[in-house]
Amino acid sequence: MKKIVILGGGYGGVLTAKKLAKKFKNDKDVEIKLIDRNPYHTLLTELHEVSANRAPEDSIKIDLKKIFAGLKVDVVLDEISNIDFKGKKLKSDKATYAYDYLVIGTGSKPTFFGIPGAEENTFSFWSYDDAVALKRQIRDMYTKAAKEKNPAVRRSMLTFVIIGAGFTGVELVGEMAEQREELCREFFIDPSEVRLIVADMAPKVLPILPDKLIQKAEARLRKLNVEIVTSAKITEVGAGSVALGEKNIVEAQTIVWTAGVEGSEIVGNLDVQQQGRKRIVTNEHLESVDHKNVYVVGDNIFFIPEGETRPVPQMVENAEQAAPIIAGNITADIKGTAKKAYKPGFHGTMVSIGSRYGVANVGLPGKLFMLTGFMAMLSKHFINMFYLSQVVGFNKVWTYMMHEFFHVENRKSFVGGYFSKRSPNFWLVPLRMLLGGMWLYEGIDKLKKIWEDPDKIFLIPAAPYADATSAASVAVDAVKTTVDAQSAASAVSTAKEAVSALPVPGFIYDITNWFMDLMFYSPDGSYTFLAKWFQIGMVCAEIVFGIMLIVGLFTAISALATIAMAVMIWSTKMAATEMLWYVGAAIACIGGSGSVFGLDYYVLPWLKKQWKRIPLVRRWYLYTD
């Protein structure tokens, strides 16, 4: 039995464990264990959204047991205090864990560069707990300031200083600037009283980006009334104050530290070669240079790729690209095959400044493009969803879309509030029942005709090459029969007046004719037996889906089915203009119209519980929470 232990449930640890589980899913001689002190994986790149109340607190947490449901990974909740490399053991206060292969992915923690008072008097911003604590602190300050009579104390309560103008600091202050208007309105505070400062010892914000994007970012921050302080030598942080240079002492009761990170505490205490703020030195296979059975992933890696002068950056994409290499090299070790070298190809960086604006330098390795505004935010959301699709598939991608696009308050979405404006579903009940009633009525009306003459075909047009006698007969029938909007006959007519059909592009009509010629027409132009049963099926479908819409059962499926029927009829040039009404009504009824005064209110929650219990569903995350 080979024992693989992944220490840390961050980006790198989770992805490595999933890759290993896939490689050894049928191998009973390999055991995979992931150890973390928290039962959840945290989306560290989204902390700012929780702190400024754009997204709910649980949106940045993913249950580790959910991630590995149905996978060959044993999740253990424990805090490791020591690693015995010679004995190949990890030790905590309550247990010891043996390993044959170890993957270290414990991430980073804030570094304070020895500045007096920095650690004691600032809010750190590097974990879920940090984000929640800062969210409460911000609200507390507005709450207390609204009642404070002393101008100096009130001013310090409404002053927020973010130390560090890298990605984390800029994203945080951008969110806080957007939130300022909401909180000021709620607590009756003049926005001009609230002071937001982002400060850094570097000469410019976001120094990793091109100058053009830095200028765009600074312009956006100033538009949001954020003070930018650069080249500031931060000498001391007191209880309620910070020195941004010798003469610039800022009184503030909320000071957030985002100025840098170093390796986690356990990594700093390990007897391994380290460089660059407690990062473990690895070879090209991402193994520790001191221990060949110990691999390193994510922020803990210190490796300079061939041809480069700097180590790989501490960013999520590094973890995403390192994870499959490590999983592959452990597999190669076990199976005795050749290992692969780590050759990262990064695709750029993105930073949001509030919910609706961002800057990005993205593209292919060696060919990056500068994006701003909408396109930058689009790329950021796309990358986030791509990562989530690897971790928890449809489940988390759906949840992310709900939080970012559809359930966003105060228009805090990069597409504005157009998709997030909501109204009660009971307003759709009359429309749903009317739509269902019309389908049911027309279905029953046509059922009578089929009952009288099952061989009479009136929902399928005559073949274009049918003989003259057949064509004339069909034409007479068409004139005599008033065809409803649901079946959308080619000529909705009475004996005195005809109604023209909706236009159809030529290539679509040609495809439809090809299909109908294959299925419904004989060589002489007469109808096949399939035409009869297709007509019966269409009539039955009108009745069934009409009833389902009336009672509100599986309304989304029913509405989509009626749209599909309408499209089929339209493609044959048999759709009257009334069809547009039916399609529009069906689209409106897709989104939960059966959850009020409908059976969906009872049936869907029950089915959802049963669905989630299916192993395959949980394995592929094909459910919503």
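Reader: In this predicted model, which residue in β7 is the bridge partner of Ile80?

Author: The model is a predicted one, and within it strand β6 (residues 80-84) is joined to β7 by four bridges, the two strands running antiparallel. Along β7, which spans residues 89-92, the side chains alternate between two faces. The bridge partner of Ile80 in that strand is Ser92.

Reader: Which residue in the hairpin of β6 and β7 takes a positive phi?

Author: The hairpin of β6 and β7 has four residues between its strands, and the strands it connects run antiparallel. One residue of this hairpin has a positive phi near 55°, and that residue is Lys88.

Reader: Which side chains of β7 point to the buried face, and which to the other?

Author: The side chains of β7 alternate along the strand, with Lys89 and Lys91 pointing to a face where they are not buried. A side chain counts as buried when its residue has under 20% relative accessible area. The side chains that meet this description point to the opposite face from the two lysines, and they belong to Leu90 and Ser92.

Reader: Which residue in β8 does Leu90 stand opposite?

Author: Strand β7 also pairs with strand β8 (residues 96-98), to which three bridges join it in the antiparallel sense. These two strands form a hairpin with three residues between them. Leu90, whose side chain is buried, stands opposite a residue of β8, namely Tyr97.

Reader: In the sheet with the order β20-β21-β23, which are the edge strands?

Author: This is an open sheet of three strands, and its pairing is mixed. Strand β21 (residues 279-281) pairs with β23 in the parallel sense over two bridges, and in that pairing Val281 has Phe302 as its bridge partner. The strands that pair on one side only are the edge strands, β20 (274-275) and β23 (301-302).

Reader: Is Ser288 buried or exposed?

Author: Ser288 lies in the loop between β21 and β22 (294-296). Leaving aside residues up to four places away in sequence, Ser288 touches Val272, Ile280, Val281, Thr282 and Val294. Because its relative accessible area is 1%, and the limit for the class is under 20%, Ser288 is buried.

Reader: Is Lys343 buried or exposed, and what is its relative accessibility?

Author: Lys343 is found in the loop between α10 and β24, and its C-alpha is 28 Å from that of Asp36, a residue 307 places away in sequence. The class asked about requires a relative accessible area over 50%. Lys343 therefore counts as exposed, with a relative accessibility of 71%.

Reader: At roughly what angle do the axes of α1 and α10 cross?

Author: Helix α1 (residues 11-23) meets helix α10 (residues 316-335) through residues including Tyr11, Leu15 and Leu20 on the α1 side and Val316, Ala323 and Ile330 on the α10 side. The residues of this contact divide into 10 nonpolar, four polar and three charged. The crossing is right-handed, and the axes, which come within 8 Å, cross at roughly 35°.

Reader: How far apart are the axes of α5 and α7?

Author: Helix α5 (residues 128-145) packs against helix α7 (residues 167-187) at an angle of about 35°, passing it in a right-handed crossing. Among the residues that make the contact are Leu134, Ile138 and Tyr142 of α5, together with Leu172, Met176 and Phe187 of α7. By class, this contact has eight nonpolar, two polar and three charged residues. The axes of α5 and α7 are apart by 11 Å.

Reader: In β25, which residue is the bridge partner of Ser352?

Author: Strands β24, β25 and β26 form, in that order, an open sheet with antiparallel pairing, in which β24 (348-352) and β26 (367-372) are the edge strands. Neighbouring strands of this sheet are turned against each other by 20° on average, direction ignored. Five bridges join β24 to strand β25 (residues 358-364), and there the bridge partner of Ser352 is Gly358.

Reader: Over which residues does pLDDT stay under 50?

Author: For the protein chain the mean pLDDT is 91, and 94% of the residues reach 70 or more. One stretch stays under 50, and for it the model has 52 contacts beyond four places in sequence. That stretch is residues 468-498.

Conventions:
Residues numbered from 1 in each chain as written. Predicted model: local features only at pLDDT ≥ 70, side-chain atom pairs only at ≥ 80, totals over all residues. Heavy atoms only, no water. Axes fitted to C-alpha atoms, helices over the stretch in contact; angles between N-to-C directions. Left-handed = near helix turned anticlockwise from the far one by under 90°. Contact = heavy atoms within 4.5 Å. Nonpolar A, V, L, I, M, F, W, Y, C, P; charged D, E, K, R; others polar. Buried < 20%, exposed > 50% of the residue type's maximum accessible area, 1.4 Å probe, protein only. Pairing = 2+ DSSP bridges. pLDDT = per-residue confidence, 0-100.
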